[in-house]
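Here is a quick tour for anyone meeting this protein for the first time. Have a look at the structure, then read on.

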Amino acid sequence: MRSLKKIFVLLLCSSILLSATACKRSGYGEYREKNNSSHNSGFSDIGDSEHGSGSENNFSGEDDVDKMTVFEMVEDMKIGWNLGNTFDASDCTWLTDEMQYESAWNGEMTREEHIQLLKDTGFRAVRIPVSWHNHVDADYRINEAWLERVAQVADWCLSRDMYVILNIHHDNNEQFMYPSKLYHEQSKKYVSEIWKQLSERFKGYSHKLIFESMNEPRLVGHNNEWWIDPYSNDCKEAISCINELNQVFVDTVRASGGKNTTRYLMCPGYDASSDGALNDGYVLPTDPVSENQNRIIVTVHAYVPYDFALNEWGTNSWSASNQNDTDGVTVFMDNLYNKFISKGTAVIIDEFGARDKYGNLGVRTEFAAYYVKAARERKMTCFWWDNNYFGTDGENFGLLDRSSNIWKNESIVSALIENS
């Protein structure tokens, strides 16, 4: 969670500047004991993977997505859901088995029945955030068991004809990937090595598998970690580094061959905020494929209006009849539409949500319906951030109770499906 000082700084910014962190760690501490139990120590309750190490034959047939325009593909996604606080768990120093990272922050291993429920409910896409740095050696080689477990969950989705977004998540630190000139060569090597391996593993997969370069790349620990100062040389440098890292990502994936030569790729701006994408310094990577068929998508995270959607000390009210409230949703969407969508570049909001505040389920439902509908009207698809947390404090965005495999906040779920 942010410090009070950072919250104060953020509140001085416009609502468009205020995009939120995806490091939804609140509540994970209470799961340590549960995670260390034998129930979560392995895959006995999960089922065996049906794929081997050779990926070329998995979901590698002709797929309709390759024949779609980018906007047809985004529309076909309908509505998405994040497998949050799962494979993105990081730096869990109390664990002795790295495979337990999957349940370290949310208390549950992912089960195939979770994916089936998502499909049955009407979700068409799943984002699988993955932190890799706790699962690599000194040469950035990924632990095979970890990679295969990620692939197994992706397979569960793809076998049900769902879209999957796979990324690099909480690897944004000075040891691995950090957008400054001081760490730039190391960062390029890390991004390149991780995506070489992922590209090779999944190059035979259908175009319903989408790669996202990085999650919220930013100057972690800096005064401008969560907002851009247009006059700051540090911010300008970081934006330039992120552009280059996005280019390394695109070049690496395209060079791997197979279906990666035309796979859809997602690239964020600074901290994946709308401001990061709208900043004049943000430049889309060059992509020979996109000269004839645009395959680069802008990815944005937007927990807005910030005081309602994320700020723990903010308001618990929001109304679709209040223009000040709705402007917090539509202004940034209009700006993204005008800069990108109207000119042929697609945008996906692959993280959004509104945390539970004092039992304001009805208001959150109204917000979810309005947000998704507004995005759809502007040719964007949204992904709700679900961290399987239902507590009374912290970033409680949970919808699916993964222990019981039951939707906890059904009205929000219905609003997402019905308005997409």
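Let's begin with Trp146: its relative accessibility is 0%, so this residue counts as buried. Keep in mind that you're looking at a predicted model. Trp146 has an aromatic partner. The rings of Phe87 and Trp146 have centres 5.4 Å apart, and because their planes lie at 75°, the pair is edge-to-face. What parts of the chain does this pair link? Distant ones: Phe87 sits in the loop between β1 (80–83) and α4 (101–104), while Trp146 belongs to helix α6, 59 residues apart. Phe87 is buried as well, with a relative accessible area of 0%.

That pair is part of a longer list, as the count comes to 19 aromatic pairs. Elsewhere, ring pairs tie Phe308, Trp318, Phe332, Phe352, Phe367, Tyr370, Tyr371 and Trp384 together into a cluster.

One of those cluster members, Tyr370, also turns up beside a threonine. Thr330 has its place in helix α11 (residues 323–339). Setting aside neighbours within four places in sequence, Thr330 is in contact with Tyr370, Ala374 and Arg378. Is Thr330 buried or exposed? Its relative accessibility is 8%, and buried means under 20%, so Thr330 counts as buried.

Now back to helix α6, home of Trp146. Helix α6 (residues 144–158) joins β2 and β3 in a right-handed β-α-β unit. The two strands themselves are paired: four bridges join β2 (residues 125–128) to β3, and they run parallel. Within that pairing, Val126 has Val164 of β3 as its bridge partner.

On the other side of the story is β4. Strand β3 is joined to β4 (residues 209–212) by four bridges, again running parallel. Here Asn167 stands opposite Glu212 in β4. Another right-handed β-α-β unit is made of β3, helix α7 (residues 184–202) and β4.

So why is β3 (residues 163–167) described as largely enclosed by the rest of the structure? Five of its five residues are buried, and that is the reason. Tyr163, Ile165 and Asn167 point one way from the strand, Val164 and Leu166 point the other way, and all are buried.

Tyr163 has a charged companion too: the charged end of Lys208 sits over its ring, 4.7 Å from the centre. Another such arrangement involves Arg201, whose charged end sits over the ring of Phe202, 5.2 Å from the centre.

What about cysteines? A disulfide is a covalent bond between the sulfur atoms of two cysteines. The structure holds zero disulfides. Cys235 is buried, with a relative accessible area of 1%, and Cys267 counts as buried at 0% relative accessibility.

Here are some of the buried residues side by side:

| Residue | Relative accessible area |
|---|---|
| Phe87 | 0% |
| Trp146 | 0% |
| Cys235 | 1% |
| Cys267 | 0% |
| Thr330 | 8% |

Finally, step back to the whole protein. How many helices and strands are there in the protein? There are 13 helices and 10 strands. Of its 420 residues, buried ones make up 62%. And if you take the contacts with a separation of 6 or more, 79% of them are between residues 24 or more positions apart. The pair of Phe87 and Trp146, 59 residues apart, is one link between distant parts of the chain.

Methods
Residues numbered from 1 in each chain as written. Predicted model: local features only at pLDDT ≥ 70, side-chain atom pairs only at ≥ 80, totals over all residues. Heavy atoms only, no water. Buried < 20%, exposed > 50% of the residue type's maximum accessible area, 1.4 Å probe, protein only. Pairing = 2+ DSSP bridges. Right-handed = clockwise from strand over helix to strand, strands pointing away. Disulfide = S-S within 2.5 Å. Phe/Tyr/Trp six-rings, centres within 6.5 Å; stacked < 30°, edge-to-face > 60°. Lys NZ or Arg CZ within 6 Å of the ring centre and 35° of its normal. Contact = heavy atoms within 4.5 Å.
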